[in-house]
Amino acid sequence: MSSPRPDVFIGIPKEELDTPALLIDLDMMETNIQKMADFFKTVNAELRPHVKTHKTPIIAHKQIEAGAIGVTCAKLGEAEPMIRAGIRDVLIANQIVGAQKIARLVNLAKHSEIMVAVDDPHNVDQISAAATAKGVTVRALIEVNTGMNRCGTEPGQPTLALARHILESEGIQFEGLMGYEGHTVITVNFIERKVSTEKSVDLLIDTKHLLEENGVPVKIMSGGGTGTYDITGAYPEMTEIQAGSYVFMDSTYQGVEGVGDQFGCSLRLLTTVVSHPQPTRVIVDAGLKVLAQEFGAPQPVGIEGLHTQGLSEEHGNMTADASVDVKPGDKIELLPTHCCTTVNLHDRYYGIRNGIVEAVWEIEARGKSQ
Ligand SMILES: Cc1ncc(COP(=O)(O)O)c(C=O)c1O
């Protein structure tokens, strides 16, 4: 049986939605988008938001309408729906490796200004060969390891060597450097976060200077996340910031100094109490299959004395104080602890304004991990 037409839900109170249902507080999300856009009016860098958070073209378009220059994606599977939806300036901030994926990449270059992260000369050669055969040019940023120890060339000479290699290659155009300081973005203390972020950004900037001293122009300098947008974004050398989570936020980012007080949590999971088997135990219909919990179990919003203890596949197991008055059938909202991985578990959002369902949006790139 096919799922119900999403538009049958428009106009009903959110409590009447069947559950589990992923809700967006539209006013809050729009405020977050505007606040971030306003920050980027005050600095040299521009915003290229990471859409791995929402995976949905209409939200990307709202970010662009507010001033973003394009989008950042994690995967081809995210870039493809964005480009189909008319977004042209797309960065895939990861390495695209292997013949099948490189074929998809060069085909996207026919329909967009696609840009990709590289950190390996053999990968550059393969992209170059495929792009030349297709008659396109793929734009490339060298990902530099500025301390996260994930992908990336080492700062300094190894990055210069790869930049020279790209410059000698056809079908691939060197645009600049990318250094994502993912190891600092959720450091709670602002000063600590600033010190470790600046250490990373300095490595990227030193590398930019080395390239320029050697006659290699560096047009784009990309990095940053929600926890560092105002630290990395304040450098005049940085041209693009990749913040993503700020659109929705979550309880983890809410606890990060200088971030939780700037942006509001606009994402909730609506659940139903399915059992109240003991006075101190409440069970809701939301478990691991609809909630990520790598940063801890999502907690209920607005009900004192009720706490999520743990999730199994389809159940959220809560302890309740004597004061908690809930019964099977009651609806409870949970605040995700990690917005990006929670969104990836859902087919659609219900956009809520003043308690009423205003929009239903398919999460087009959910699960598109290839
Ligand atoms: C390469 C890259 N850039 C930017 C971000 C965005 O970070 P945030 O969700 O903290 O805004 C991420 C998050 O994982 C990332 O991997």
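This report walks through a predicted model, from its domains down to single residues.

## Two domains and where they meet

Let us start with the overall layout. The domain assignment splits the protein into domain 1, made of residues 6–23 + 263–362, and domain 2, covering 27–248. If you look for the C-alpha centres of these two domains, you will find them 33 Å apart.

The domains also touch each other: ten residues of domain 1 are in contact with 15 residues of domain 2. On the domain 1 side, helix α10 (residues 339–343) gives the largest share, with three residues. That side of domain 1 consists of six nonpolar residues, three polar ones and one charged one.

## The nonpolar core

Next comes the interior. The largest nonpolar core holds 102 residues, and the ones with the most contacts inside it are Val-90, Ile-92, Leu-105, Val-116 and Val-138. Both domains take part in this core, since domain 1 and domain 2 each supply at least three of its residues. In soluble globular proteins, nonpolar side chains tend to be buried together.

Val-116 is a good place to zoom in. Setting aside neighbours within four places in sequence, Val-116 is in contact with Ile-92, Ile-96, Leu-105, Val-138 and Ala-140.

## Strands that pair with β15

Now pick out strand β15, which spans residues 331–335. Strand β10 (residues 267–278) runs antiparallel to β15, and four bridges join the two. Within this region, Leu-269 sits opposite Leu-334 of β15.

Strand β12 (residues 299–300) pairs with β15 as well, again in the antiparallel sense, over two bridges. Here Gln-299 is the residue facing Leu-335 of β15.

## Around the ligand

There is a ligand to find too, with 13 residues surrounding it. The closest of these are Tyr-180, Gly-225, Thr-226, Gln-242 and Ser-245. The shell around the ligand has nine polar residues, four nonpolar ones and no charged ones.

## Backbone details worth a look

A few spots in the backbone deserve your attention. One is the peptide bond between Thr-19 and Pro-20, which is cis, with omega at about -5°. You can locate Pro-20 in the segment before β1 (21–25).

Another is Asn-149, which has a positive phi of about 60° although it is not a glycine. Asn-149 belongs to the loop between β6 (138–143) and α6 (157–167). Is Asn-149 buried or exposed? A residue counts as exposed if 12 or fewer other C-beta atoms lie within 10 Å of its own. Asn-149 has 9 other C-beta atoms within 10 Å, so it is exposed.

## The loop between β16 and β17

Asn-354 lies in the loop between β16 (348–353) and β17 (356–362). Its phi is near 50°, a positive value in a residue other than glycine. Asn-354 is exposed because it has 9 other C-beta atoms within 10 Å.

Gly-355 is found in the loop between β16 and β17. With 10 C-beta neighbours inside 10 Å, Gly-355 counts as exposed. Which residues does Gly-355 touch, not counting those up to four places away in sequence? They are Pro-13 and Lys-14. By contrast, the C-alpha atom of Glu-257, 98 residues away from Gly-355 along the chain, is separated from that of Gly-355 by 29 Å.

Definitions and conventions
Residues numbered from 1 in each chain as written. Predicted model: local features only at pLDDT ≥ 70, side-chain atom pairs only at ≥ 80, totals over all residues. Domains from an automatic or database assignment. Contact = placed C-beta atoms within 7 Å. Nonpolar A, V, L, I, M, F, W, Y, C, P; charged D, E, K, R; others polar. Core = buried A, V, L, I, M, F, W, Y, C linked by C-beta atoms within 7 Å. Buried ≥ 20, exposed ≤ 12 C-beta atoms within 10 Å, placed from the backbone. Pairing = 2+ DSSP bridges. Near = placed C-beta within 6 Å.
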